[in-house]
Amino acid sequence: MKLDTTARSLLGRDLPQIADGVTVEHLLTHTSGIGDYLDEEADTAIIDYVFGAAHELTSTEAFLPLLDGHATKFAPGERFGYCNGGFVVLALLVERACGIGYRDLVRQRVLLPAGMTSTEFLRSDELPADAAVGYLPLDGVDRSNVFHLPVLASGDGGIHTTAEDVSAFWRGLFAGDIVDRVDEVVRPRRDVPEESMRYGLGFWLHESTDTVFLIGYDAGVSFKSAHDPRTGTTRTVISNTTPGAWPIADALMP
């Protein structure tokens, strides 16, 4: 699968709302224009229940009904528009191209080469004792996010990890252990002035330096990690609440 591979060439008749010209590169750079099942431009609260039967989302193919039926927002390549569903579509495409499950591919191509021994796809209803539970305020009390997220992570996030393993990821990435051309991955593809940043292939980029970011949040979880490849310095903040990471991350990261 290449950057110019079209989604349609692997989707066949699935997800007919996705334009025929949408490519892997469009999906990686959030310029595909496809409709999003978790639209960050919509007026949706983080405590809303959006998945329905979250316990049934145990495979990438199981997301098809959620991804379907969303009208195109703009033409491919027209502008930047962050799209959570685009990452799930990418997971679906890579599964169909390789014939291997998304989670197994991540283990083989990312976790093992980077030495991320404490990172895994865990069921939210079957967590080990050392895994943090995500919490969010509901009806005046803090409750688990178990009904708010898919029971198993997919392409748009949810894997369980540690700060130490995130540092191992950055080292492995820039050592060439995960991708051959990391310079292409972190090459700026889009300016995102509303966020005062730029964007590469799946990575946020500082607006003027070489620092690379991974950023994510959802119901009961927040995460930000910054890596400066010039100095090899990594700063990572992980929280088991939606707002928890941001005050510390703002103080630590440029």
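The expected span of a helix is 1.5 Å times one less than its number of residues. In this predicted model, helix 6 (residues 163-174) has 12 residues and covers 17 Å between its first and last C-alpha atoms, which is close to the 16 Å expected at 1.5 Å a residue.

**Helix 6 and its surroundings**

Within helix 6 the buried residues are D165, V166, S167, A168, F169, W170, G172 and L173, and these buried residues pack against helix 5, helix 7, strand 6 (212-218), strand 7 and strand 8. After helix 6 comes G176, a residue with a positive phi near 85°.

**Nonpolar cores**

The largest nonpolar core comprises 39 residues, and the members that touch the most others are I18, Y37, F51, F63 and V89. At least two residues of this core come from each of helix 2, helix 3 (64-67), helix 4 (84-98), strand 1 and strand 4 (197-199), and helix 4 makes the greatest contribution, with six residues. With residues up to four places away in sequence not counted, V89 touches L15, I18, L27, I34 and L67. Apart from this core lies another one, of 23 residues, which includes Y102, L111, V166 and W170; of these, V166 and W170 are also among the buried residues of helix 6.

**Strands, hairpin and sheet**

Strand 1 and strand 2 (residues 141-144) run antiparallel and are joined by four bridges, one of the pairings being that of Y135 with S144 in strand 2. The two strands form a hairpin with two residues between them, and D139 in the turn has a positive phi of about 55°. The side chains of strand 1 alternate, in that L136 and L138 point to one face and are buried, while Y135 and P137 point to the other face and are not buried.

Six further strands are arranged as an open sheet with antiparallel pairing, in the order 3-4-5-6-7-8. Strand 3 and strand 8 (233-239) are at the edges with a single partner strand each, so one side of each has no neighbour in the sheet. Neighbouring strands of this sheet are turned against each other by 25° on average, with direction ignored. At the strand 8 edge, the antiparallel pairing with strand 7 (residues 221-228) consists of seven bridges, and T234 in strand 8 is the bridge partner of H227.

**Salt bridges**

Across the whole structure, 13 salt bridges are found. Three of them are set out here, with the distance between nitrogen and oxygen.

| Pair | N to O distance |
|---|---|
| E25 and R189 | 2.8 Å |
| D104 and R107 | 2.7 Å |
| R107 and E120 | 2.9 Å |

Which parts of the chain does the salt bridge between E25 and R189 tie together? The closest N and O atoms of E25 and R189 are 2.8 Å apart; E25 lies in helix 2 (residues 24-28), whereas R189 lies in the loop between helix 7 (182-185) and strand 3 (190-192), so the pair links parts that are 164 residues apart in sequence. Since buried means under 20% relative accessible area, R189 counts as buried at 18% relative accessibility, whereas E25, at 28%, counts as partly exposed. Both residues also belong to a network of salt bridges that links E25, R181, D183, E184, R187 and R189.

The residue R107 has a salt bridge with D104 and another with E120. D104 and R107 both lie in helix 5 (residues 102-114), three residues apart, which is about one turn of the helix. For R107 and E120, whose side chains meet at 2.9 Å from N to O, the placement is in helix 5 and in the loop between helix 5 and strand 1 (135-138), respectively, so the pair ties together parts that are 13 residues apart in sequence. The relative accessibility of D104 is 37%, and D104 counts as partly exposed; R107 at 25% and E120 at 28% also count as partly exposed.

**The loop before helix 2**

T23 is placed in the loop between helix 1 (8-11) and helix 2. Its relative accessible area is 12%, so T23 is buried. When its neighbours within four places in sequence are left aside, T23 is in contact with L3, D4, T5, T6 and A7.

Definitions and conventions: Residues are numbered from 1 along each chain as its sequence is written. This is a predicted model: local features need pLDDT of at least 70, side-chain atom pairs count only at pLDDT 80 or more; totals for chains, interfaces and linings use all residues. Side-chain values use heavy atoms; hydrogens and water are left out. A salt bridge is a side-chain nitrogen of Lys or Arg within 4 Å of a carboxyl oxygen of Asp or Glu. Buried means under 20% relative accessible area, exposed over 50%, partly exposed in between (1.4 Å probe, protein chains only). Contact means heavy atoms within 4.5 Å. Two strands pair if DSSP finds at least two bridges between them. A nonpolar core is a set of buried Ala, Val, Leu, Ile, Met, Phe, Trp, Tyr and Cys residues joined through side-chain atoms within 4.5 Å. Axes are lines fitted to C-alpha atoms, for helices over the stretch in contact, and angles run from 0 to 180 degrees between N-to-C directions.
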